[in-house]
Amino acid sequence: MQSIYEHVDLQNNYRRRKIVNKIMLTLTGLTVALAVVPLVWITVYVLLQGGKYLNLDFFIHLPAPMGMTGGGVLNAIEGSAVMVLLASVIAIPLALLGAFYLLAKPSTALAHALRFSTDMLAGTPSIVIGLFGYAVIVAVQKHFSAFAGGVVLAIIMLPVVLRSAEEMLKLVPREMREGALAMGAPEWLAALKVVLPAAAEGIITGIMLGIARAVGETAPLLFTALGNDNYEIGKIISDGLRYHQSIGKIIGTIFAQPADALPLTLWKYAQQPYQERVHQAWAVAFVLMLFVLGLNIVARAWMAHRRRKLFG
Amino acid sequence: MASSSTSLRRKLMHRLQHGDVLWWALLFLSAVVVVVLVLWIAWQLWVQSAPSRHAFGWDFIWPWVKSVWNPALDKFQAWPAIYGSLITATIALVLAVPLALGIAIFLSELAPAWLRAPLNYMVEMLAAIPSVVYGLWGIYVFLPLVVVPIGKALEPLGSVPGIGIFFKGPVPASGFTRLGAALVLVIMILPTIAAVSRDVLQAVPRSQREAAMALGATQWETVWKVLIPYGQSGILGAVILGFGRAIGETMAVTMVIGNSAGGGYSILKPGYTMASIIANEFAEAVSEMHTSALMEIGLVLFAITLLLNAFARWLVVNRTIKRA
């Protein structure tokens, strides 16, 4: 009987397939190398370039008037801190409660809607969230403010924290919650005193990723926080104390003013004709990269460590 | 004595149980707040864009050859911005998908265990770098060193009939072009597509790989003829997710695209994207109509990304265990 393979040179075909295999596998390796190039290029360039222009003044002074040398970005550092703090205060409890809802009622209609909304929120362009913040806060109050900036950053943080918190809560063995309930603990006590502590490490890493995300965001702040060269918390507090204002009033003043943020400053300085400003933009990039990548690295290393501990 | 303490305990426990009503109310409320938030965003964009929607109707997004975007005349047509978004995102996607697939295949199938963790790290870091930092690096390093030479090399295509309008030069010396925006986007969407595709490939059952190997397939044939077809819908989801990111990316694009309404269809000229025109003009919008027109661009942007993300989610979530 004739073989159906008679017309095929098997030996040759096999060699050809092996060569194709080698070539394609090598190519996939090359794509990885190609992706590493921009990462290393950006990181090294920003660290070298930015490092050159960093000094102490940069951290402790307000910006010098346009065209003058010296000055720093204290306003942006404080503005970023204040707005990210507000964002955390709003987003973290909301995200955790949402995650607990998903844990308790994983397949109700509301749970599906919540998961869907979270994913949609994560995919919404941040500039659109900025428009929303402008419409519901700035346009209503008729002024730009750190408050509006903090709220839009909270919306950015929310899906990041909620997703990771849901995943981390799911990793806690059911028996722990059931054990607590069996001993007579009410649902909320079991959640807060048993489940939450067990998932705490993972949730904190999620929060760190959320903060890293919020610190680097520029687009939503463009027309909510706007920017403010004279934003100085120390001065607001000392003024408040001088006029015997209440703590509530002082905090109100801190949030009612337009504020700057590090990425906002970077954006404004990046294309200015003054060399000094461009140099400071690189220095801001340095600080942002260090902070954001640092948080990411620590969070992910911690998460990996935890996974190894849990799953061996 | 003992009995009174247990009854006290019981009473306390009973009291604490009341907390559950509050607890459930809080959980329910938080879930509702997040869902309502998305609806609220859509509603606000819809309401705020009303003047523009009423004044311009479908003309606003219609692909006019000569679109007018003139704040002084209060006349707005957004086609150049929409075109800018579509062309930059499409170019970015065409270049990023093969690279991302290569990375995904390497990470899930080939990388030795010791290399896997650091490489995964690197992909995540690429996604974590803030958009403005990409922009700054883009302006001073990437545009002059990479984009301008590539643009110069593409200029001769400008005289080819048919595709010539897409390559009309000359490239500006600064490099601020749609091409520059597209190439920066390649780097920025690479980690999204690569990470999701990697998860999709890893979710393919072992038996599929073993069956292919048992039939004598080479490793590449296993990947190309078994794993990728098996995960095709998930990979398509990853690609769509990448497209959504590219469309919505704002700061880096705003910083390198040059922000100009001219430029025709050429990728070697500066332009706008939907996101960049909002970033660039909103804070200085001169009239109510101008603000409203930018809100309508936001609405279009939101609608597009919502549809893309919902579709991608349906493709990815239904078919993989892990979520990206």
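**Contacts between chains A and B, and two bent helices of chain B**

In this predicted model, 70 residues of chain A are in contact with 67 residues of chain B, two residues being in contact if their C-beta atoms, placed from the backbone, lie within 7 Å. The side of chain A that touches chain B draws two or more residues from each of several elements, among them α1 (10-52), α3 (74-104), α8 (187-216) and α12 (275-311) of chain A; helices here are DSSP runs (H or I, at least four residues), numbered from the N terminus. The largest share, 19 residues, is given by α1(A). Sorted by class, this side of chain A holds 50 nonpolar, 15 polar and 5 charged residues, where Ala, Val, Leu, Ile, Met, Phe, Trp, Tyr, Cys and Pro count as nonpolar, Asp, Glu, Lys and Arg as charged, and the others, Gly among them, as polar.

Residues are numbered from 1 along each chain as its sequence is written, and chains are lettered from A in the order in which they are written. As the model is predicted, local features need pLDDT of at least 70 and side-chain atom pairs count only at pLDDT 80 or more, while totals for chains, interfaces and linings use all residues.

Turning to chain B, helix α3 (residues 79-110) bends by about 35° at B:A96, and the proline B:P98 follows within four residues; the bend is the angle between axes fitted to the seven residues ending at a position and the seven starting there. Of the 32 residues of α3(B), 24 are buried, so the helix is largely enclosed by the rest of the structure. A residue is buried if 20 or more other C-beta atoms lie within 10 Å of its own, exposed if 12 or fewer, and partly exposed in between.

Helix α6 (residues 178-202) of chain B packs against α3(B), their axes coming within 6 Å and crossing at roughly 35° (lines fitted to C-alpha atoms over the stretch in contact, with angles from 0 to 180 degrees between N-to-C directions). The contact of these two helices has 23 nonpolar, 5 polar and 3 charged residues. In α6(B), a kink of about 35° lies at B:I189, shortly before the proline B:P191, and 24 of the 25 residues of α6(B) are buried.

Finally, B:G248 lies in helix α9 (residues 232-248) of chain B. B:G248 is buried, with 26 other C-beta atoms within 10 Å. Leaving aside residues up to four places away in sequence, B:G248 touches A:P125, B:A275, B:L301 and B:T305.
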